[in-house]
Structure formats: structure tokens, C-alpha cells
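Let's take a walk through this structure together. Please have the model open beside the text, so that each stop can be found on screen.

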Amino acid sequence: MSIRVLGKGRRERTLPLWRTTAAALRAWLAVRGRVAVPEMFVNGRGEPLSRWDFAYAYSQVRS
């Protein structure tokens, strides 16, 4: 199994996944439910998680 990611400069890359990683992502998708966007991680409004959303969530975990 592999995934496609957008990297620096919006370059698309295909990355292989370990079986345990693939299983964890499948479990996450089952918990997350359906959303209208193809991104794996979304914010509370169901929109793609931006780097600002991630930075905010990360700062909340660290404090």
C-alpha cells in the first residue's frame, strides 16, 4: 500500500507504507467518518488541515 502526498513546492510524491501504518490509517478513517475533501486530516469544519491548524493544535498539546 502507498499514499500520495504533496511536498515542498506542491510536488506530488508516492510513499510506501508499512503494514502497521496502513492499519492505523484505516482505523483513523473509520473513526473520522466521511468528509467532502480527499485529505486525510481535516479541521473541525471538515476542511483540509492547514499548517496553521496543525501549529495551533500542536501548541495546545505542548502547553
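What follows goes from the strands to the loop between the helices and ends at the second helix. Keep in mind along the way that this is a predicted model.

A good place to begin is the pair of strands. Strand E1 covers residues 2-6 and strand E2 covers residues 12-16; the two run antiparallel and are joined by five bridges. Together they make a hairpin, with five residues lying between E1 and E2. If you look into the turn, you will find Gly 9 there, with a positive phi of about 75°. At the end of this connection, Leu 6 faces Glu 12 of E2 across the pairing.

Glu 12 is worth a second look, since its side chain also takes part in a salt bridge. The partner is Arg 4, and the N to O distance is 3.8 Å. Are these two residues buried or exposed? Arg 4 has a relative accessibility of 63%, and because exposed means over 50%, it counts as exposed. Glu 12, at 52%, is exposed as well.

How many salt bridges does a search of the whole structure find? The count is two. To meet the other, move on to Arg 45 and Glu 47, whose closest N and O atoms are 3.2 Å apart. Here the two partners fall into separate classes: Arg 45 is exposed, with a relative accessible area of 62%, while Glu 47 is partly exposed at 37%.

Now let's turn to the loop that runs between helix H1 (19-32) and helix H2 (51-62), where Asn 43 is found. Its relative accessibility is 12%, and because buried means under 20%, Asn 43 counts as buried. What surrounds Asn 43, once its neighbours within four places in sequence are left aside? The contacts are with Pro 48, Leu 49 and Asp 53. With Asp 53 there is also a polar contact, side chain to side chain, at 3.4 Å.

Arg 34 belongs to the loop between H1 and H2 too. In contrast to the buried Asn 43, Arg 34 is exposed, with a relative accessibility of 87%. Try placing a distance between the C-alpha atoms of Arg 34 and Gly 46: these residues are 12 apart along the chain, and the separation comes to 9.1 Å.

That brings us to helix H2 itself. With 12 residues at 1.5 Å a residue, H2 should span 16 Å, and its end C-alpha atoms are indeed 16 Å apart, so the two values agree. How many of the 12 residues of H2 are buried? The number is zero, so the helix lies largely in the open.

Two residues of this helix, Phe 54 and Tyr 58, deserve a closer view. They are four residues apart in H2, which means that about one helical turn separates them. A pair of aromatic rings is described by the distance of the centres and the angle of the planes. The structure has two aromatic pairs by the rule used here. In the pair formed by Phe 54 and Tyr 58, the ring centres are 6.1 Å apart and the planes meet at 10°, so the pair is stacked. As for their surroundings, Phe 54 is exposed, with a relative accessible area of 52%, and Tyr 58 is partly exposed, at 43%.

Technical notes
Residues are numbered from 1 along each chain as its sequence is written. This is a predicted model: local features need pLDDT of at least 70, side-chain atom pairs count only at pLDDT 80 or more; totals for chains, interfaces and linings use all residues. Side-chain values use heavy atoms; hydrogens and water are left out. Two strands pair if DSSP finds at least two bridges between them. Buried means under 20% relative accessible area, exposed over 50%, partly exposed in between (1.4 Å probe, protein chains only). A polar contact is a pair of N or O atoms within 3.5 Å; within protein, one must be able to donate a hydrogen and the other to accept it, and residues adjacent in sequence count only if both atoms are side-chain atoms. Contact means heavy atoms within 4.5 Å. Rings of Phe, Tyr and Trp (its six-membered ring) pair if their centres lie within 6.5 Å; planes under 30 degrees apart count as stacked, over 60 as edge-to-face and the rest as tilted. A salt bridge is a side-chain nitrogen of Lys or Arg within 4 Å of a carboxyl oxygen of Asp or Glu. The expected span of a helix is 1.5 Å times one less than its number of residues.
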